[in-house]
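The following account leads the reader through a single protein model, moving between individual residues and the fold as a whole. Please keep the sequence and the coordinates in view while reading.

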Amino acid sequence: MRILIADSGSTKTNWLFTDSSGESQSFKTSGINPFFRGSEDIYNELKTELAPKLADQPHQIFFYGAGIINQERGDVLRVPLHRLFPDANIETHSDVLGASRALFGSQAGIA
């Protein structure tokens, strides 16, 4: 399974693309915050900055970002990601949840 994970703020996005064999790629693109950018703008950027860097299509995408405070804001990112990767299972969440998962995994905890 090929997984793409993003940690995004307003100024930069860190990406990790990994597969079940343990191979991985990491790279950066500019920041993507759905409070300041629309789906079409995000799509155009990802089409030129992200898609060419990937060795293959991801099966699953986890996008953690600033500005994703509800499903509506998450959809601002989910829509362009789905246009680029129509067969991928896509989840968009707050960067706070991303930090929590990075710290605790699936365990309970307080930070």
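Ser 24 has a relative accessible area of 47% and therefore counts as partly exposed, since that class runs from 20% to 50%. The residue belongs to strand 3, in a model that is predicted. Leaving out residues up to four places away in sequence, Ser 24 touches Leu 16, Phe 17 and Thr 18. Strand 2 spans residues 12-18, and the contacts of Ser 24 thus join strand 3 to that stretch of the chain. Ala 55 lies 31 residues from Ser 24 along the chain, and the C-alpha atoms of the two are separated by 9.7 Å.

The overall architecture places these strands in context. The protein contains three helices and five strands, and their order along the sequence is β-β-β-α-β-α-β-α. Its radius of gyration is 13 Å, close to the 13 Å expected from the globule rule for 111 residues, so the protein is as compact as a globular protein of that length. Along the principal axes, the C-alpha atoms occupy a box of roughly 40 × 35 × 25 Å. When contacts between residues at least 6 apart in sequence are considered, 57% of them join residues at least 24 apart.

The surface and the charges may be described next. About 6,300 Å² of the protein is accessible, and carbon and sulfur atoms account for 53% of this surface. There are 10 positive and 13 negative charges, and the mean positions of the two sets are 3 Å apart.

Turning to the interior, 36% of the 111 residues count as buried. In soluble globular proteins, nonpolar side chains tend to be buried together. The largest nonpolar core of this model has 21 residues, and the members that touch the most others are Trp 15, Leu 46, Leu 50, Phe 63 and Phe 85. Two or more residues of this core come from each of strand 1 (3-8), strand 2 (12-18), helix 1 (39-49), strand 4 (60-65) and helix 2 (71-84). Helix 2 makes the greatest contribution, with four residues.

Which residues does Trp 15 contact beyond its neighbours within four places in sequence? They include Leu 4, Ile 5 and Ala 6, which fall within the range of strand 1 (3-8). A further run of partners comprises Gln 25, Ser 26, Phe 27, Lys 28 and Thr 29, in the range of strand 3 (24-30). The remaining partners are Ile 32, Leu 46, Leu 50 and Phe 63. Of these, Leu 46, Leu 50 and Phe 63 are themselves listed with Trp 15 among the core members that touch the most others.

Helix 1 supplies the next part of the picture. Its buried residues are Ile 42, Tyr 43, Glu 45 and Leu 46, and they pack against strand 2, strand 3 and helix 2. Glu 45 is an acidic member of this group; with a relative accessibility of 12%, it counts as buried because it falls under the 20% limit. Beyond its neighbours within four places in sequence, Glu 45 is in contact with Thr 29, Ser 30, Ile 32, Arg 37 and Leu 50.

Glu 49 is also located in helix 1. Is Glu 49 buried or partly exposed? Its relative accessibility is 29%, and it therefore counts as partly exposed. With neighbours within four places in sequence set aside, Glu 49 is in contact with Thr 29 and Ser 30, two residues that also appear among the contacts of Glu 45. Between Glu 49 and Ser 39, ten residues apart along the chain, the C-alpha separation is 15 Å.

The account ends with the C-terminal part of the chain. Phe 104 lies in helix 3, which covers residues 95-104, and is partly exposed, with a relative accessible area of 23%. Not counting residues up to four places away in sequence, Phe 104 touches Gly 109, Ile 110 and Ala 111. The C-alpha atoms of Phe 104 and Asp 75, which are 29 residues apart along the chain, are separated by 26 Å. Ile 110, one of the residues that Phe 104 touches, is found in the segment after helix 3. At 82% relative accessibility, Ile 110 counts as exposed, because its value is over 50%. Its C-alpha atom is 8.7 Å from that of Ser 100, ten residues away in sequence.

Technical notes. Residues numbered from 1 in each chain as written. Predicted model: local features only at pLDDT ≥ 70, side-chain atom pairs only at ≥ 80, totals over all residues. Heavy atoms only, no water. Rg over C-alpha atoms; globule rule 2.2 N^0.38 Å. Buried < 20%, exposed > 50% of the residue type's maximum accessible area, 1.4 Å probe, protein only. Contact = heavy atoms within 4.5 Å. Areas by Shrake-Rupley, 256 points an atom, 1.4 Å probe, with all protein chains shown as cover. Charge placed at Lys NZ, Arg CZ, Asp CG, Glu CD. Core = buried A, V, L, I, M, F, W, Y, C linked by side-chain atoms within 4.5 Å.
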